[in-house]
Amino acid sequence: MSTQDQNPNPQDPTGSGAYQPEPSGEAAPADPYAQPPAAPYGQQPGATPPPPPGSTPPPPPGYGAPQYAAPPAYGAPQYAAAPMTTPYPKNWMNTTGMVLSLLGLITGITAIAGVIFGHLGLAAVKRGEADNRGQGVAALVIGYILIVLGIVATIAIIAFAGWLVNECGGDNPASWCTDLDTQ
């Protein structure tokens, strides 16, 4: 027996017996039920058409390379990127100044610390490290008012004490001072 008898299809060199069509100049009809070719990793399906048969496809983008949109045409408005919002690390200075100034209404002495922290907080606002300028200004106003009132009250108390010692002390005390002792 010859080799051709064992291989009924002369186009099949392997001799497996599978049918293989003869090559022709016509393109094979497209299978309407075939799956479309998968898109390369990182691309949307259908984003780029497949290269024509027989041509060399373009090299794929690098692994994980970001896909950017085309730049706008000339004359299109260019907008700056939105600034990053960062927390303000020194807002506590103005808040502390405000609290200490208000506590100065009760204690009297904490108003000085409130003024100090108010100034530090306003300096931080100027440098862009804080954003609560109003609280710093309020801490300064309340603190300075309380300091001035404290100084005036201290002077008034000292003056009253001096007048009282002058009236009731010495060899010739005032009559109203001696009347208090007898009652």
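A salt bridge here is a side-chain nitrogen of Lys or Arg within 4 Å of a carboxyl oxygen of Asp or Glu. Searching the whole structure with that rule turns up two salt bridges. Keep in mind, as you go through the views, that this is a predicted model.

**View 1. Three charged residues share one salt-bridge network.** Start with lysine 90, which pairs with glutamate 129; their closest N and O atoms sit 3.2 Å apart. Lysine 90 belongs to the loop between helix H1 (3-6) and H2, while glutamate 129 belongs to the loop between H3 and H4, so this pair ties together parts that are 39 residues apart in sequence. Glutamate 129 also forms a salt bridge with arginine 127, and here the closest N and O atoms are 3.1 Å apart. Because the salt bridges share partners, Lys90, Arg127 and Glu129 end up in one network. Are these residues buried or exposed? Lysine 90, at 26% relative accessibility, counts as partly exposed. Glutamate 129 is partly exposed too, with a relative accessible area of 25%.

**View 2. Helix H4 runs from residue 133 to residue 168.** That makes 36 residues, and the helix reaches 52 Å from its first C-alpha to its last. How does that fit with what you'd expect at 1.5 Å a residue? It's close to the expected 52 Å. Now look for the residues of H4 that are tucked away: the buried ones are Gly136, Ala139, Leu140, Gly143 and Leu146. An α-helix has 3.6 residues a turn, so residues three or four places apart point the same way. And what do the buried residues of H4 pack against? Their partners are helix H2 (91-107) and helix H3 (110-126). After H4 comes glycine 170, which has a positive phi, near 85 degrees.

**View 3. One disulfide links cysteine 168 and cysteine 177.** A disulfide is a covalent bond between the sulfur atoms of two cysteines. The structure holds one of them, and the sulfur atoms of cysteine 168 and cysteine 177 are 1.6 Å apart. Which hand does this disulfide have? The torsion about its S-S bond is about -50 degrees, so the disulfide is left-handed. Its two cysteines are covered to differing degrees: cysteine 168 counts as partly exposed at 29% relative accessibility, whereas cysteine 177 is buried, with a relative accessible area of 7%.

**View 4. Five residues make a nonpolar patch on the surface.** Val99, Leu102, Leu103, Leu105 and Ile106 together make this patch, which covers about 490 Å². Take isoleucine 106 as your example: you'll find it in helix H2. At 71% relative accessibility, isoleucine 106 counts as exposed, because the cut-off for that word is over 50%.

**View 5. Step back, and the protein is built from helices.** How many helices and strands are there? The count comes to five helices and zero strands, so from the N terminus on you can read the elements as α-α-α-α-α. Of the 183 residues, 15% count as buried. The accessible surface comes to about 15000 Å², and 65% of that surface belongs to carbon and sulfur atoms. Finally, take the contacts with a separation of 6 or more: 49% of them are between residues 24 or more positions apart.

How values were computed: Residues numbered from 1 in each chain as written. Predicted model: local features only at pLDDT ≥ 70, side-chain atom pairs only at ≥ 80, totals over all residues. Heavy atoms only, no water. Disulfide = S-S within 2.5 Å. Buried < 20%, exposed > 50% of the residue type's maximum accessible area, 1.4 Å probe, protein only. Helix = DSSP H or I, 4+ residues; strand = E, 2+ residues; numbered from the N terminus. Expected span 1.5 Å × (residues − 1). Contact = heavy atoms within 4.5 Å. Patch = residues over 30% accessible without salt bridge, like charges linked within 9 Å, V, L, I, M, F, W, Y side chains within 5 Å. Areas by Shrake-Rupley, 256 points an atom, 1.4 Å probe, with all protein chains shown as cover.
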